[in-house]
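Work through the exercises below with the structure open. Try each task before you read its solution.

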Amino acid sequence: MSNANQSKPASSPANARVDWVIHARWIATVDDANTVLENHALVVKNSNIIELLPSADAEQNYTGENTVNLDQHLVLPGLVNAHCHAAMALLRGFADDLPLQTWLEQHIWPTEGRHVAPQFVYDGSLIAIAEMIRSGTTCFADMYFFPEQTAQAATEVGMRAHLAPPVFDFPSNWQTGPEQYLSAIAQLSENQASNPLLSTAIGPHAPYTVSDDTFKQITAAQKQLDCGLHIHVHETAQEVIDSQSQHGLRPLARLAQLGALGPKTQCVHMTQINDADLEALHQWQPSVVHCPKSNMKLASGFCPVHKLIEEGINVALGTDGAASNNNLDMISEMQFAALLAKPVSGKATAISAQQALRMATINGAKALGLDGLIGSLEKGKQADITAIRLDHLSQAPVYSPLSALVYASSGRQVTDVWIAGEQQLAAGQLIKLATDELRARQQRWLNVIAGDAQ
């Protein structure tokens with residue numbers, strides 16, 4: 001980490017009018033040099049960052065329509081949750097302490113079959129978006145049914161979302177088969193093309209729920225839509241064993257053979273990696289999305305993040321759904337990622353606080369194809385910004401703001417959030433979402449689902 005206390009004054013007219021001037025004790029830019037600025041300001045106009053400069057120079061050169069002084073805060077890029085199932089916030093705590101296949105096949109899938117519909121997805125997505133904004137996330141990748149409802153919720157709030165609706169060989173409450181899934185995804189992509197906060201990908205659920213013929217349709221559709229491919233893969237040892245038995249190939253090798261592995265592929269979980277898998281990842285350069293808390297809770301295994309980073313693989317972070325985590329707090333996810341990597345690798349240096357922050361910001365943006373827009377605080381990028389207080393007794397004294405962030409904080413200390421220059425959280429209060437209304441939605445679904453389970 002480099003620290004900079006000085007930068008060149010803005011080359012702009014004195015008292016230029018802008019939308020926001022955000023002064024902060026520290027700014028973690030997450031640029032290529034991992035620069036951390038002290039007593040600097042971010043200047044925002046028309047949804048973009050137009051300057052980072054010392055606070056004294058900002059006061060001289062800019063007049064903000066809005067000015068915020070965050071003198072006890074670390075300001076960082078908005079966090080990118082590179083994998084979740086937002087609407088499953090309504091199933092938080094529903095079926096805990098079970099292995100993955102039992103959890104899915106005996107509890108989650110039957111319950112989804114009875115209850116997942118447009119209203120379920122809309123309500124669950126609103127609740128998840130509120131939780132994510134409240135804990136500093138400004139962009140999320142979502143794989144779930146009825147994505148139109150998630151898109152509606154995100155659009156109403158002003159949340160950035162990367163929608164990767166699932167594809168299965170079999171019917172769901174949403175669609176009846178592969179052709180219908182892909183047609184609906186193409187329509188979603190067309191409908192959301194004009195929304196700068198939404199992007200679309202194809203989400204084949206997993207190698208074990210998608211046949212070779214369906215993968216061929218998916219790769220053809222991916223080329224046509226010029227989009228990403230988001231898939232659970234190498235999530236458990238049993239998945240790998242079954243793939244070798246059925247196809248004679250490990251899942252990753254099968255994806256490569258079918259043309260489904262490449263720089264736009266987002267490989268979620270990847271807890272089972274051998275040398276051949278590392279070679280395939282190095283050759284095809286997909287991103288890996290690490291979900292440490294969900295992997296631990298479901299006893300799926302450990303992603304060897306340190307090895308991936310050594311191989312130059314882009315590793316992002318995701319929370320997975322609230323049904324298997326049980327929260328969507330990316331700051332907590334950073335802490336678990338940094339801590340878990342150490343015993344898995346046997347190296348205390350495996351993942352630093354700085355690396356964990358990159359995984360939760362710029363690496364996530366890169367995985368989703370958005371690193372030209374978000375993921376770091378740099379001139380010209382979109383103003384997706386998170387501010388967190390670092391003066392609580394449990395965080396201080398602050399020798400390193402990144403250490404305090406990753407090892408001594410949680411989303412509860414986040415106070416302010418901006419997405420594309422629009423403030424969504426102010427002094428800990430959601431601006432566009434009413435907490436009481438969201439609690440009422442939670443209670444209504446609890447009554448329905450708990451009653452059905454009895």
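**Exercise 1: The second largest cavity**

Ala28, Val30, Asn34, Thr35, Val36, Gln354, Leu357, Arg358 and Leu402 line the second largest cavity. The model is predicted, so local features need pLDDT of at least 70, side-chain atom pairs count only at pLDDT 80 or more, and totals for chains, interfaces and linings use all residues. Residues are numbered from 1 along each chain as its sequence is written, and side-chain values use heavy atoms, with hydrogens and water left out.

Task: Which element gives the largest share of this lining?

Solution.
- Step 1. Learn the term. On a 1 Å grid over the protein atoms alone, a cavity is a set of points where a 1.4 Å probe fits but cannot get out; lining residues have an atom within 4 Å of a point.
- Step 2. Find the elements. Helices (H or I, at least four residues) and strands (E, at least two) are DSSP runs, numbered from the N terminus. β3 (35-45) and α13 each supply at least two residues.
- Step 3. Pick the top one. α13 gives the largest share, three residues.
- Step 4. Add the volume. The second largest cavity has about 50 Å³ (grid points are joined across faces, edges and corners, and the space is that filled by probe spheres set on the points).

**Exercise 2: The largest cavity and α2**

Task: Which helix gives the most to the lining of the largest cavity?

Solution.
- Step 1. Take the volume of the largest cavity: about 240 Å³.
- Step 2. Go to its centre. Of 22 lining residues, His85, Met88, Leu104, His205 and His232 lie nearest.
- Step 3. Name the helix. α2 gives the most, with six residues.
- Step 4. Look along α2 (residues 100-115). The helix bends by about 35° at Ile108 (the angle between axes fitted to the seven residues ending there and the seven starting there). A proline, Pro110, follows within four residues.
- Step 5. Check burial. Leu100, Trp103, Leu104, Ile108, Thr111, Glu112 and His115 of α2 are buried (under 20% relative accessible area, 1.4 Å probe, protein chains only).
- Step 6. Recall the helix rule. An α-helix has 3.6 residues a turn, so residues three or four places apart point the same way.

**Exercise 3: The largest pocket**

Task: How many residues of each class line the largest pocket?

Solution.
- Step 1. Learn the term. A pocket is an open set of points with protein on both sides within 12 Å along at least five of seven lines.
- Step 2. Take its volume. About 540 Å³ of space lies in the largest pocket.
- Step 3. Locate it. The 19 lining residues include Ala130, Glu131, Arg134, Leu430 and Thr435, which lie nearest the centre. α3 (118-134), β18 (429-430) and α16 (435-453) each give two or more residues.
- Step 4. Sort the lining. It has five nonpolar (Ala, Val, Leu, Ile, Met, Phe, Trp, Tyr, Cys and Pro), six charged (Asp, Glu, Lys and Arg) and eight polar residues (the others, Gly among them).

**Exercise 4: The nonpolar core**

Task: Which residues touch the most other members of the largest nonpolar core?

Solution.
- Step 1. Learn the term. A nonpolar core is a set of buried Ala, Val, Leu, Ile, Met, Phe, Trp, Tyr and Cys residues joined through side-chain atoms within 4.5 Å.
- Step 2. Name the two. Among 113 residues, Phe120 and Met334 touch the most other members. α3 gives the largest share of this core, ten residues.
- Step 3. Follow Met334. Its contacts (heavy atoms within 4.5 Å) include Leu79, Leu317 and Ala356.
- Step 4. Find the other core. A second, separate core of 17 residues includes Ala24, Leu37, Leu42 and Trp418.

Conventions. Buried < 20%, exposed > 50% of the residue type's maximum accessible area, 1.4 Å probe, protein only.
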